[in-house]
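Biologist: Please take a close look at one part of this model and set that part within the chain as a whole. I should like the terms and their cut-offs stated along the way.

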Amino acid sequence: MHPRDQTIFALSSGRPPSAIALVRVSGSRAGRVMAGLAGKLPSPRMATRALLRDIGQRPIDDAVVLWFPGPASATGEDVAEFHVHGGRAVLAALFAALSGFEDVRPAEPGEFTRRAFENGKLDLTEAEGLDDLIHADTDRQRRQALRQLKGLLGDRARDWRARIIEASALIEAGIDFSDEGDVPAELIAPALAKVRALLAEIEEVLAGQGRSERLRDGLVVAIAGPPNVGKSTLMNQLARREVAIVSPHAGTTRDVIEVQLDLDGYPVTVIDTAGIRATDDPVEQEGVRRARARAADADLVLWLSDSPREAIDHDGVAPIWKVRNKIDLQEAGRPLAEAEPPGPGSFEISASRGDGVPELIAALVGFAQGYFGGTDGGLISRTRQRKLLQETATSLRRSVAVVGQGEELAAEELRLAAHSLGRLLGRVDVEDILDAIFREFCVGK
């Protein structure tokens, strides 16, 4: 039997031990498995208490079971659920019993969701939304993933594709009736109107999304600067815990330290880098090299110094905020009040006492909001989706441009546009990317 025709099972709840564990079975033999373990098939979608027994009629656990005959199930196949006590021994006995059935095997990562996709229970954008929901760390990530899971982009893409097919049908009809005088013109004009309206919608979506697909990975902020200016202290202030070693000796941080933060629902990765300076120490040289590389790849650089006259030694293209630290100390020769006031993108803080840190965090939240483009209404959550929408818009634009050169060329461009949206939904020519997407899922999903 082909692996896709086999019945699969997996633990779909958290790691044991736990109070309750959920084990799901999906496939053509799920009913036989349920009857074999619980003694009979319960009523569909009705929670039923049952004493589970293995093939030797030895009791496994007193459980609650549910039966979902296909296609009215999560995967579109027959699905059995076993709600058992979440001890390791109980699960080991249940898994051993399940493995004893012919053509029943443990599921691969993402196999339940892939079967749901292949059986038309959800499209690829919804499957991606489910994966994003599982891995969401912040509230904004959760909300964006939930919108995708509910079909926010998929529903729009299906509507767009249907409208492209309608316009294409009009143009094809104009080609078929090209020998009947003014019929082609009467058909092509409304087709072009549909295409232009659709193109405007897609371009508006692409222009208004900001970097919403980056919300999955988050914003990367690098703290850079010369040694012994308080970079690790600021890192600990932002993380609200000691994640970096703080020392008065220069060169303490020699490797890149990362911490994940949730700033008003935006995922932010803050990087503490080695102090940038010339050194003969080969270990510190490697730390400086890594610091420069990570700062160059960051989305924002906080250049930390303890002097308003400190030069910025950074070659990246990301925006740079100059952050002057140690304002609780006096500068040599003059009080701090005589220093030049900070301008835009410039801050004065005391990382040790916390002075100015709330204002810096508020500015980071504002930067994240502008960077992600206000993702509450975002349709795009992945680079793959943006690329395919851009391909769709390009094909639509070409179809309007070439219609004067021949209706056949316009019809071909519309076919390519419909194909791009089909790939977005996962309905055509996507076998090469399905494995990459679904293997990111956890087992049991």
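Modeller: The account below deals with helix α12 and then turns to other parts of the chain.

This is a predicted model, in which local features need pLDDT (the predictor's confidence in each residue, from 0 to 100) of at least 70 and side-chain atom pairs count only at pLDDT 80 or more, whereas totals for chains, interfaces and linings use all residues. Residues are numbered from 1 along each chain as its sequence is written, and side-chain values use heavy atoms, with hydrogens and water left out.

Helix α12 spans residues 407-425, 19 residues in total. Helices (H or I, at least four residues) and strands (E, at least two) are DSSP runs, numbered from the N terminus. From the first C-alpha of α12 to its last the distance is 27 Å, close to the 27 Å expected at 1.5 Å a residue; the expected span is 1.5 Å times one less than the number of residues. The buried residues of α12 are A410, A411, E413, L414, A417, A418, S420, L421, G422, L424 and L425. Here buried means under 20% relative accessible area, exposed over 50%, and partly exposed in between, with a 1.4 Å probe and protein chains only.

Within this helix, L421 has a relative accessibility of 0% and therefore counts as buried. Leaving out residues up to four places away in sequence, L421 touches A157, W160, R161, I164, L389 and T392, a contact being heavy atoms within 4.5 Å. L421 also lies 6.9 Å from L388, C-alpha to C-alpha, although 33 residues separate the two in sequence.

Just after α12, G426 adopts a positive phi of about 80 degrees. The C-alpha of G426 is 5.0 Å from that of L124, a residue 302 positions away along the chain. L124 belongs to helix α4 and is buried, with a relative accessible area of 0%. Helix α4 covers residues 124-134, and 9 of its 11 residues are buried, so the helix is largely enclosed by the rest of the structure. The buried set in α4 is L124, T125, E126, A127, E128, G129, L130, D131 and D132.

L130 reappears among the contacts of K445, which touches G110, E111, F112, T113, L130 and I134 when residues up to four places away in sequence are not counted. K445 sits in the segment after α13 (431-438) and is partly exposed because its relative accessibility is 31%. In an unreviewed UniProt entry, K445 is annotated as "binding site" together with R24, E81 and K121; UniProt positions are given in the numbering used here, feature names are shortened, and annotations may be inferred rather than shown by experiment. Of these, E81 is located in strand β5 (residues 79-86) and is buried, at 15% relative accessible area. Beyond its neighbours within four places in sequence, E81 is in contact with L22, V23, R24, M34, V64, V65, L66 and F68; R24, in that list, shares the annotation.

A further enclosed element is strand β9 (residues 266-272): 7 of its 7 residues are buried, so β9 is largely enclosed by the rest of the structure. One side carries Y266, V268, V270 and D272, the other P267, T269 and I271, and both faces are covered. Two strands pair if DSSP finds at least two bridges between them. Strand β7 (residues 219-224) pairs with β9 in the parallel sense over 5 bridges, with L219 opposite V268. Strand β8 (residues 257-263) pairs with β9 in the antiparallel sense over 7 bridges, and V259 has V270 as its bridge partner. The hairpin of β8 and β9 has 2 residues between the strands, and in it D264 takes a positive phi near 55 degrees.

For the chain as a whole, the secondary structure comes to 13 helices and 12 strands. Of the 445 residues, 48% are buried. Among contacts between residues at least 6 apart in sequence, 64% join residues at least 24 apart. The accessible surface is about 21200 Å², with 52% belonging to carbon and sulfur atoms; such areas come from the Shrake-Rupley method with a 1.4 Å probe, and for residues only the protein chains shown count as cover.

As for confidence, the mean pLDDT is 82, and 80% of the residues reach 70 or more. Over residues 331-341 pLDDT is below 50, and this stretch has 16 contacts in the model beyond near neighbours in sequence.
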